Amino acid sequence: MSTTSNSMTFNIRIWRQKNAQTPGKLVEYKLDGISPDMSFLEMLDQLNERLYAKGEEPVAFDHDCREGICGMCSLNVNGIPHGPDSQVTICQTHMRIFKDGQTITIEPWRSTAFPVIKDCVVNRSAFDRIIQAGGFVSVNTGGTPDANALPISKEIADLAMDAAACIGCGACVAACKNSSALLFVSAKASQLNLLPQGKAEKDRRVLKMVETMDAEGFGACTNTNSCEAVCPKGIPVTFIAQLNRDYAWAMLKGAAAEPKATVGGA
Amino acid sequence: MSLDSKSPAGPIAQKWDKHRFDMKLVNPANKRKYSVIVVGSGLAGGAAAASLAELGYNVSCFCFQDSPRRAHSIAAQGGINAAKNYQNDGDSVYRLFYDTIKGGDFRAREANVYRLAQVSAEIIDQCVAQGVPFAREYGGTLSNRSFGGAQVSRTFYARGQTGQQLLLGAYSALSRQIGLGKVKMYNRSEMLDLVVIDGQAKGIIVRDLVTGKITRHSADAVVLGTGGYSNVYYLSTNAQMCNVTAAWRAARKGAYFANPCFTQIHPTCIPVHGDHQSKLTLMSESLRNDGRVWVPKKKEDCGKKPSEIAEADRDYYLERKYPSFGNLAPRDISSRSAKEVCDEGRGVGPGGRGVYLDFADSIKRLGLKAIQDRYGNLFQMYEKITGENAYEQPMRIYPALHYTMGGLWVDYNLMSNLPGLFVIGEANFSDHGANRLGASALMQGLADGYFVLPYTIGNYLAQQKEKAPSTDHPEFVKAEQEVHDRLNKLMSIKGKRSPNSFHHELGHLMWENVGMARNEKGLKEALAKIPQIREEFWKNLNVLGDKEDLNNALERAGRVADFLEFAELLTLDALERKESCGGHFREEYQMPDGEAKRDDENFAYVAAWEFKGVGQAPVLHKEPLNYEEVHMSTRSYK
C-alpha cells in the first residue's frame, strides 16, 4: 500500500559516533515519505534503508521488542529521553505526534555511567551490576513454602507491582542533571523491601545497591523529579523517599554492607 | 528410523518420581568440576543458568541483548498456568495434563506433559519466594483468572506484565549467581556455531557483538534456551532480534528439528499498516468476549467509514458461520475466517488486511464505563498505535504469528539426539503438540529451567568420563574457521540489497504460502521460491560497515541466512504432514464444516528432521506418539 497521500518530511539530526574511542557529532539527514502511522523506530528503519541504498553505514540504535516492555530502546529525542509522548517508550511513539517538516534531534543517553558504544547505542551494564549487588531475594530453586502460606495484603502487593514495573531502560538517568540512578535503584529495592519475602535482607540490600550505584559513577539525587517525568512506566519518586528511609535506617542500625563475623559487635 | 523418547515405564503419575530416583547424581563436591554453557537468558535459559549455578556447576551464560533482563519472555502478557486448585474448582495435575494434551491436538508426548503439570505448582511457590508480585485478593491470597482451553481458573498473573515479572524473578536469581561469581555472563554475545566432538556437544563459537571478536567456549554440556522462530515470517509479535540461528546451527551439526510446521497464529493483533511495518502487536484475546467481528458484505463498501455502512450491509461472519460459538470461535478458526473474507476482497483498512472488532453493541448494552473498566488499557494501546479511538469506531484486527510449537527434538531428559546438547523452553518441541494453550509458554519455560533440566543434566554429566575438551581441539579450530569464513563471505558479496530486504521478501512468501491455511500447490511454490531467494541473497547481499565493530546489518544478515535455510524445512514439513491439526491447517484436509481433519492413523508421530546439507533433502525420523493414558478424540468446539 502507499503512504504518499499523507506522507511527512523530517529533518533528522542524529548522533553518529564510530565507537567509544572516536568523538561523535550530529549529522543531518532529510527524510521524506514518512507515514504518520509509522512508529519512531520504523522511521529510523526507513532512514537506515535509505542510507543503505546510498552505501552509507546505517545508524546503530538499540531496540528489540518494540512494544515498550524490554527496555532496550534508549533514544533522547529533542532533549527528552523517549521523546515527547508521555509514559511510553520511544518504540511506542508514532510519527503522527510530530509536525510535518519538523527538525528532530536524536541522541543517545548521556551519562558517564552509560558510555557510548556506537552512534546511539550505550553500555548500561552498570544497571546489571547494581542488581547483582543486591537486587534479589537470596533464595535457591526448590524447597520454597506454598505460595499461599504467607498472605500479603493487596495494597502491599499492588505497591510492589508498581515498583516492579520498571523496565530498566535508564531514561531516569538520562533525564537527570546529576545522572542519578536513584529511581531505578529505589524501584527494585522497594519492590523487594515491601514484600515479606524480601524483608530479611532489606538493610544489606539497600546498602549494597547504593554502594554499587555510587561506585558505578551515578550522581546524587537533588530531587528535581525529572526522572519521574520521563519514566515510560510512570514510576513515582515516592520510591526514592522510601529508599532514603530504608537507607538511613540501615545506616543507623550500623549494618555493614558485608557483615563481619565478630561476636557481639557494635 | 524410529526415535526413542526415553519416557520411563510405569504409571504416568509415577514416571517422573521413578525417573528421578533412577537417574545418576553428581556428588555435591564434584559439581564444581563440571562446566555448562547456557545460551539464552529468558525464562528457560535464565532459570536454568541460575539453578545450575546454585547446585554448584560452573555456568557460562550468553545472550545477544545488552542485558539478560531483556529476553523476549518479558513481553508475555496474560499469565502462567499452574495446577494449584486454589479456587477449589476441581483443578488437578491430571486436569492440567489433559487440557494441555487436548489443546495440543494430540501431537505432544504424554509423559512430558504430565511432568509439566506436576511441577507447575512448584513454579508458583518459587516465583513468590523470589518476590514476584502476583495479583492478590484482599485477603492476601493469590488471585487467579481463567484462560482459553480450560474450564477452571488456574492462571496466575501480574497485571498485564506476567512475563516481565517472571523473567525479572529469574533474572534476579541469575544476577545473584553472577554476583557470587558462579555464573560468567556474556552480554551482547551471539552463538554462531555448536562444536560437536565425537558425536557429543562440547562447546560453542561466539561473536562479541560490540568488538566482533570470535571466541571458543568449551563445556561438559551445552543448553539452548534460544526461543522460537516466528520471525521467519518477518512480521510477527516476536521481538526484532528473535531468530532461529542457535537452533539451526545445532541442526546443521546433527540435532534433529521436530515439527517445524507447528506454528501458532493469534487472531487479535493490530493489522499491518504498511510495507514499512517492523512488527505486530498482540492484543488480549479477551476482547472477543464483548466485541463483534464483521466486514462489509460488499467489496465496494470497504473504503467507506464503518459508521456509513448500514447494519444490513455488514457480514458478522463468525456469528453467521459458527452460530453456537460466534465471536468466541477457537483461535485457528477465527484466524482462518479472517483470512478468507480478506482474500475475497472484503477486508478493511490499509491493504485490505483487517476485519472490524466492534464494541458499539456492548457499549450500548453495558455502558461505556463497563467497557473502559474491562479493556481500558487495551483501548489505550490501540489508540497509541493506530491513532484511532475504539470507543467511537470499531477496532481493526488481523491474525499474526506469535509462537512456534516446533523446535529441536529432545527426549524425556530434554536432551537432543546429540548427547550433551539440551534444549529448553520454546526452542524445543516437546510439550505443546500442534497448538499451545494460553498461559502455558511461561509455565513450560520455567518448568524446564528450574525443575527439569537441573536434574536431567546431572544424569548426563555423571556418566561423562572425559572432562570438557580444550578449545585447541581440532573441532573447535575448524568450527571457528567456518564462522570466520561465513562472516567474511557475508561481508564480501558487496551486492545491492540490504539483509532486511531479503528478510522481508522471505517473510511475505512464508506468510502467503505457509501461513494460516496451507495447500499443496502453495507449499510447492514456496519450496521452489525459497532457494531462489537464498541464491539471490548470496549473490546480491550488501553488508556495510566493519566486521570488527558493532554491526547490526551483519548480525541481521547471518540470521536471515539461517532463516533462508530453515524456511525450506518448515515448508517441507508442512507439505509432508498431510493432515490438519492444531496450528497446522491443510486446506485439502478439512471436515465439511471447515474443522481440521486430523489423521491419527498416519500422522500420530513427531516428525524429526535430520539436516543433510543446504539444498539436500533432509531425512525424516519418526517418534511414534503412543497415548497410554488419554484417548485420542476429535477436538471439537461445537
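This note reviews a predicted model of two chains, A and B, point by point.

1. Confidence in chain A. The average pLDDT of chain A is 93, and 94% of its residues score at least 70. An exception should be noted at residues 261-266 of chain A, where the pLDDT is below 50. Beyond near neighbours in sequence, this stretch has 0 contacts in the model. The placement of residues 261-266 of chain A should accordingly be read with their pLDDT below 50 in mind.

2. Domains of chain A. Chain A is divided into domain 1, covering residues 4-118, and domain 2, covering residues 125-252. Taken over C-alpha atoms, the centres of these two domains of chain A are separated by 30 Å.

3. Contact between the domains of chain A. On one side, 16 residues of domain 1 of chain A take part, and on the other, 19 residues of domain 2 of chain A. Together the two domains of chain A bury about 1300 Å², with carbon and sulfur atoms giving 62% of that area. The side of domain 1 of chain A that touches domain 2 of chain A comprises 9 nonpolar, 6 polar and 1 charged residues. Between these domains of chain A there are 0 salt bridges, while 3 residue pairs are in polar contact, both residues being at pLDDT 80 or more.

4. Domains of chain B. Three domains are assigned in chain B: domain 1 (12-264 + 403-461), domain 2 (267-401) and domain 3 (474-615). Domain 1 of chain B is thus given as two segments, 12-264 and 403-461. The C-alpha centres of domain 1 and domain 2 of chain B lie 34 Å apart.

5. Contact between domains 1 and 2 of chain B. Here 14 residues of domain 1 of chain B meet 11 residues of domain 2 of chain B. The area buried between them is about 1100 Å², and 53% of it lies on carbon and sulfur atoms. B:Gln77, B:Leu235 and B:Thr237 supply 47% of the area that domain 1 of chain B buries against domain 2 of chain B, more than any other three residues. No salt bridges are found between these two domains of chain B, the count being 0. There are, however, 4 residue pairs in polar contact between them, both residues at pLDDT 80 or more. By class, the side of domain 1 of chain B that touches domain 2 of chain B has 4 nonpolar, 9 polar and 1 charged residues.

6. Extent of the interface between the chains. Chain A and chain B each contribute 77 residues to their contact. The two chains bury about 6400 Å² between them, of which 51% is on carbon and sulfur atoms.

7. Polar and charged pairs between the chains. The interface of chain B and chain A holds 8 salt bridges. A salt bridge joins the side chains of B:Lys84 and A:Asp146, with a distance of 3.0 Å from N to O. In addition, 50 residue pairs are in polar contact across the interface of chain B and chain A, both residues at pLDDT 80 or more.

8. Elements on the chain B side. Several helices of chain B give two or more residues to the side that touches chain A, among them α2 (43-55), α4 (110-130), α10 (368-386) and α15 (552-576). The largest share, 10 residues, comes from α5(B). By class, this side of chain B has 27 nonpolar, 33 polar and 17 charged residues.

Methods: Residues are numbered from 1 along each chain as its sequence is written. Chains are lettered from A and ligands numbered from 1 in the order in which they are written. Side-chain values use heavy atoms; hydrogens and water are left out. Domain bounds come from an automatic or database domain assignment. Contact means heavy atoms within 4.5 Å. Buried area is the accessible area (1.4 Å probe) that two parts lose on being put together, summed over both. A salt bridge is a side-chain nitrogen of Lys or Arg within 4 Å of a carboxyl oxygen of Asp or Glu. A polar contact is a pair of N or O atoms within 3.5 Å; within protein, one must be able to donate a hydrogen and the other to accept it, and residues adjacent in sequence count only if both atoms are side-chain atoms. Ala, Val, Leu, Ile, Met, Phe, Trp, Tyr, Cys and Pro count as nonpolar, Asp, Glu, Lys and Arg as charged, and the others, Gly among them, as polar. Helices (H or I, at least four residues) and strands (E, at least two) are DSSP runs, numbered from the N terminus. pLDDT is the predictor's confidence in each residue, from 0 to 100.
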